[in-house]
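Student: I would like to take a close look at one part of this protein, the places where charged side chains pair up inside the fold. Could you walk me through them slowly, and set them in the context of the whole chain?

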Amino acid sequence: MPSSPSSHKTLQVLITSANSAGFLLFGYDQGIMSGVVLSQSWLSQMDHPSELTIGTITALYDVGAVIGALLSAFTSDRLGRKRTLLLGSFFVFLGGALMSASFSRVEFMASRVMVGIGTGYITSVTPVYQAEIGEHEQRGWQVCCQLTTMLGGLLMAYCINYGFWFVDGEMQWRVPLGFQCVFAVFILGLGPWLVDTPRWLFRQDFGTSNGEGSEKQRGLRVLARLRGKAVDDKEVKKEMKDIVDAIRLEKGQEGTWGSLFRSNGVKADKRFYLAVGIQLMQQLSGINIVTYFAPTLYTTSLGMSQDRALLLGCFTQLWYVLASFVTWYTIDRVGRRRLFISMALGMSLVLVGEAVAIAHGGMLGDVAAVVCLFLFEACFTWGWMACVWIYPPEILPLGIRAKGSALAAAADFIGNWIVVQVTPVGIAKMGWSFFLIWAGFNLVHAGIVWMFYPETGGLVLEAVHHVFTEDVAGEGHGTGLERLQWARVRVAARAVKESRLRKREEDESRRGLLDGDGDTDDEGITA
């Protein structure tokens with residue numbers, strides 16, 4: 001067996017790389033059909049499907065992803081985060097190979113479902129995997145890496161589609177579809193060097209003969225490796241104690257699907273509804289109108305030629321990637337909640353602008369419509385990309401984290417399926433008014449988040465848990481519009497403020513000690 005990496009940074013890079021490659025596959029598969037459905041060779045091979053059938057074939061990926069997410073909910077607690085990721089990657093490899101080799105519509109549809117199953121496994125487990133191995137100050141940033149990589153996969157799919165558009169025959173679509181297997185093999189190749197998360201290992205070993213505080217315990221050893229410290233380090237021991245305390249609190253209340261729908265003294269049911277809701281709202285923002293169908297949108301609504309539409313699709317996704325880097329800076333500084341609300345309002349305004357531009361028509365209208373699509377993608381990635389995928393594993397208690405995150409991912413793909421299924425017909429039949437539906441959804445989303453979604457950024461996972469177990473009798477009913485808010489929103493806001501204040505004081509204290517050491521050294525030299 002290969003030797004383990006000695007550096008904690010190397011270990012975190014390996015795990016983040018594997019998780020990011022998983023999301024790259026997610027992005028690649030979302031984008032690859034945008035060019036395939038325009039290929040005359042593919043249309044001929046699939047017996048010239050109708051617009052509705054094309055939507056169904058494309059959306060079968062999401063059906064498979066829902067199945068994969070549900071299967072992950074049943075298996076990931078037993079398999080662990082690492083093996084669930086590897087299983088999903090194997091499904092993507094097998095499905096991608098079969099899809100690129102398909103000669104009939106039935107073969108293609110079956111293999112597309114298989115790729116979706118693998119993606120469902122991957123997207124269910126990677127946010128949990130990353131959240132459980134990362135330090136709370138870097139948790140959001142690390143998930144941003146994954147989501148930027150996902151957008152890189154989306155951009156890669158568009159570029160490969162454009163490059164192979166000028167190739168005649170079946171290779172025009174078979175090579176782009178098969179290329180995803182490379183990334184699945186990359187994840188599988190990293191498998192021997194990956195480790196499972198300390199929280200999962202502690203939970204597996206809880207109450208065994210190893211003992212909760214034994215230095216021989218697997219979770220403690222992995223936790224120390226991830227933090228780059230000794231197993232008897234004070235901070236490592238404290239983090240272990242916080243994790244074990246949370247496990248002890250939840251241990252008697254876990255193990256059944258009914259736990260998702262009961263409070264169990266930790267508001268588990270409400271936290272589950274928050275997780276499912278945020279992922280469903282992500283898809284009902286309308287993002288996959290652009291992700292899946294940008295070239296179709298450019299040809300149908302704006303009258304562009306197919307090669308120009310594919311090229312502009314590449315630039316659309318390049319902008320998407322570049323805009324995502326802003327979130328690397330803002331997600332842990334601004335917080336999840338403010339980004340959710342402000343960017344939902346931004347998307348609503350931009351989609352109204354898109355409808356007006358398409359209705360206006362002409363050169364000016366076409367330019368404005370393209371600009372609005374670019375602005376829409378920017379608002380989405382700044383507020384509803386990485387924030388959405390990190391939120392469920394942050395908000396869910398450990399006892400239902402794997403099941404809840406998997407079902408939240410399933411909700412995401414159900415929403416995805418709805419959007420992908422109705423978009424080709426909606427664009428063709430409703431024209432500019434189709435965009436007003438999604439503008440309305442985004443306006444509603446902003447209000448829902450403001451009322452019900454607590455902030456999680458800047459808090460360790462166990463502190464998020466405390467937000468839902470703390471007595472809120474002293475919180476009152478708020479003032480003014482705050483009366484409409486759930487009390488837990490105000491508890492979380494106070495917890496985040498206190499956490500940031502403590503961190504600032506610790507940083508200032510540390511700098512003071514360093515300055516003091518420098519003064520002492522100077523005095524010693526002078527003497």
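Tutor: Of the 527 residues in this protein, 57% count as buried, and it should be said at the start that we are looking at a predicted model. The secondary structure consists of 19 helices and zero strands. Among contacts in the protein with a separation of 6 or more, 82% join residues that stand 24 or more positions apart.

Let us turn now to the charged pairs. Side chains of opposite charge can pair when their charged atoms come close. The structure holds 13 salt bridges, and a good place to begin is the one that arginine 81 forms with glutamate 132, where the closest N and O atoms are 3.0 Å apart. Arginine 81 belongs to helix H3 (residues 51-100) and glutamate 132 to helix H4 (residues 105-133), so this pair ties together parts that lie 51 residues apart in sequence.

Are these two partners buried or exposed? Arginine 81 has a relative accessibility of 2%, and because buried means under 20%, arginine 81 counts as buried. Glutamate 132, at 0% relative accessibility, counts as buried by the same reasoning.

Glutamate 132 also forms a salt bridge with arginine 401, and here the closest N and O atoms are 3.1 Å apart. This second pair links distant parts of the chain, since glutamate 132 sits in helix H4 while arginine 401 sits in helix H16 (residues 401-430), 269 residues apart. Both glutamate 132 and arginine 401 are buried. If you widen your view a little, you will find that these residues belong to a network of salt bridges, in which Asp77, Arg81, Glu132, Arg203, Arg401 and Lys403 are linked.

A further pair makes a useful comparison for your reading of burial. Arginine 174 forms a salt bridge with glutamate 170, with the closest N and O atoms 3.0 Å apart. Arginine 174 is buried, with a relative accessible area of 7%, whereas glutamate 170, at 31% relative accessibility, counts as partly exposed. The value for glutamate 170 falls between the 20% below which a residue is buried and the 50% above which a residue is exposed, which means that partly exposed is the right term.

Next, consider glutamate 239, which is found in helix H10 (residues 234-251). At 18% relative accessibility, glutamate 239 counts as buried, because the cut-off for that word is under 20%. Leaving aside neighbours within four places in sequence, glutamate 239 is in contact with Arg199, Leu223 and Arg227. One of these, arginine 227, is found in helix H9 (residues 218-227) and is buried, with a relative accessible area of 10%. The side chain of arginine 227 makes a polar contact with the side chain of glutamate 239, at 2.8 Å. As another reference point in space, the C-alpha atoms of glutamate 239 and leucine 220 are 9.6 Å apart, while the two residues are 19 residues apart in sequence.

For contrast, you can look at two residues in a loop. Aspartate 47 has its place in the loop between helix H2 (40-45) and H3, and at 58% relative accessibility aspartate 47 counts as exposed. Histidine 48 lies in the loop between H2 and H3 as well, and at 53% relative accessibility histidine 48 counts as exposed. Phi of aspartate 47 is near 65°, a positive value in a residue other than glycine, and phi of histidine 48, near 50°, is likewise a positive value in a residue other than glycine.

Finally, there is the empty space inside the fold to consider. The count comes to six cavities of 30 Å³ or more, and about 90 Å³ of space lies in the largest cavity. The lining of the largest cavity is made up of 13 residues, of which Gln30, Met150, Gln283, Phe380 and Met385 lie nearest its centre. Several helices each supply at least two residues of that lining, namely helix H1 (8-36), helix H5 (139-164), helix H11 (268-284), helix H12 (287-300) and helix H15 (362-395). Which kinds of residue make up the lining of the largest cavity? The lining divides into eight nonpolar, five polar and no charged residues.

Definitions and conventions:
Residues numbered from 1 in each chain as written. Predicted model: local features only at pLDDT ≥ 70, side-chain atom pairs only at ≥ 80, totals over all residues. Heavy atoms only, no water. 1 Å grid on protein atoms, 1.4 Å probe; cavity = no way out; pocket = protein on both sides within 12 Å on 5 of 7 lines; lining within 4 Å. Points joined across faces, edges and corners; volume = space filled by probe spheres on them. Helix = DSSP H or I, 4+ residues; strand = E, 2+ residues; numbered from the N terminus. Nonpolar A, V, L, I, M, F, W, Y, C, P; charged D, E, K, R; others polar. Buried < 20%, exposed > 50% of the residue type's maximum accessible area, 1.4 Å probe, protein only. Contact = heavy atoms within 4.5 Å. Salt bridge = Lys/Arg side-chain N within 4 Å of Asp/Glu carboxyl O. Polar contact = N/O pair within 3.5 Å; in protein donor to acceptor, adjacent residues only side chain to side chain.
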